[in-house]
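Here is a structure to explore together, one question at a time. Have a look at it first, and then we can talk it through.

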Amino acid sequence: MVCVVGHKNPDTDSICSAIVMAYFLDATPGRQGELNPETKYVLEKFGVPEPKYVDSAKGRELVLVDHADPSQTFSDLDKGELVCIIDHHKNGITTSKPILHISKPLGSTATVIAEFYFNNGMHLLGAKNKELTPQMAGLLLAAILSDTVVFRSPTTTEVDKEMAEKLAKIAGIDDIEAFGKELLKAKSVVAKKPAAEMLTTDYKEFDMNGRKVGIGQVEVVDFSDVEPKVDELLRVMKEKQEKEGYELIVFAITDVLNKGSKVLVVGNREAFEKAFNTKLDEKGTTYLEGVMSRKKQLVPPLEEYFKKV
Ligand code: MG
Ligand code: MG
Ligand code: MG
């Protein structure tokens, strides 16, 4: 049985894209971690059960969605059979055999899937000829809105907006912006969680030229929820960095209304300052105007920097 699964510390795009692709492939959806409050809210709203937790690739045929980075997936990926990747990140996975790999520079994996569907191309992904149900359309819509922060992130494309419109019609959602606000509200619950949980809820690990770098993010509507926790966050980050051998850990508290991020940094602070041409304060924090996307705005300057040193 084929298993469709998104990245570790799954977000709404990873979970919803896995469920929808599993529906089209007659496969089983899986998850590589606990669901965040926003994703729970979405599954409850559309009455869809949580995918099963999968902790190993061994003996499985796998379709990976929403990631193509070895640090964000099964450590024993080579023990399974990877058949396909559907994604919107750069590729970091090499395979010994050719596989189907679709990756497009769009706001979410859900957008990539929706685009294939509305262009009658699902068979190109090896999928069955099926209709998108209102439930499945709702999941894809939620994933687009989540990843693009309701079209506010610089990763947003016209295709994301177009697909969202089409999906909303099928899902029976008249007001996309209002639905997006519901999601932001569900998402902001994370900001009220203890620092250790906040750090790891939306957290990704990267190998940057042999250096282990962790980047976490929380998206908030109200900065004041997180402000009192900055010191505790820095302490938890430092602990993780030392214990798990990180060169650098970055945590972005993204203000989705003002479109900027307060960034907390532990480890190689000089690397961060050079990569972003900025100065960190004594604690190791700074504000980056306009920065909302880990993939597009945080990862590339750091990768560039570590390539050179
Ligand atoms: Mg994701
Ligand atoms: Mg995504
Ligand atoms: Mg995200």
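Q: Which residues of helix α2 (residues 37-46) are buried?
A: Helices (H or I, at least four residues) and strands (E, at least two) are DSSP runs, numbered from the N terminus. Buried means under 20% relative accessible area, exposed over 50%, and partly exposed in between, using a 1.4 Å probe and protein chains only. By that yardstick, the buried residues of α2 are Glu38, Thr39, Val42, Leu43 and Phe46.

Q: Why do they sit on the same side of α2?
A: An α-helix has 3.6 residues a turn, so residues three or four places apart point the same way. The arc is that of the directions from the helix axis to the C-beta atoms. The buried residues share one side of α2 because the arc they cover around the axis is only 130°.

Before going further, a word on the model: it is predicted, so local features need pLDDT of at least 70 and side-chain atom pairs count only at pLDDT 80 or more, while totals for chains, interfaces and linings use all residues. Residues are numbered from 1 along each chain as its sequence is written, chains are lettered from A and ligands numbered from 1 in the order in which they are written, and side-chain values use heavy atoms, with hydrogens and water left out.

Q: Which helices do the buried residues of α2 pack against?
A: Contact here means heavy atoms within 4.5 Å. The partners of these buried residues are α1 (12-25), α4 (134-147) and α6 (176-187).

Q: Which residue joins its side chain to that of Thr12 in a polar contact of 2.9 Å?
A: Thr12 is found in helix α1, and at 0% relative accessibility Thr12 counts as buried. A polar contact is a pair of N or O atoms within 3.5 Å; within protein, one must be able to donate a hydrogen and the other to accept it, and residues adjacent in sequence count only if both atoms are side-chain atoms. The partner of Thr12 in this 2.9 Å contact is Thr39.

Q: Which residue coordinates both magnesium ions?
A: Donors are N, O and S atoms within 2.8 Å of the metal (3.2 Å for Na, K and Ca); water is not among the atoms, so sites may look incomplete. The magnesium ion (ligand 1) is held at 2.2 Å by His7 (NE2), Asp11 (OD) and Asp66 (OD). The magnesium ion (ligand 2) has Asp13 (OD), Asp66 (OD), His88 (NE2) and Asp147 (OD) as donors, at 2.1 to 2.2 Å. The two ions are 3.4 Å apart, and the residue that coordinates both is Asp66.

Q: What is the relative accessible area of Asp66?
A: Asp66 lies in the loop between β4 (61-65) and β5 (81-87). Asp66 is buried, and its relative accessible area is 0%.

Q: What area is buried between domain 1 and domain 2?
A: Domain bounds come from an automatic or database domain assignment, which gives domain 1 (2-187) and domain 2 (193-307). Across the interface, 18 residues of domain 1 are in contact with 19 residues of domain 2. Buried area is the accessible area (1.4 Å probe) that two parts lose on being put together, summed over both. Carbon and sulfur atoms give 54% of this area, which is about 1,700 Å².
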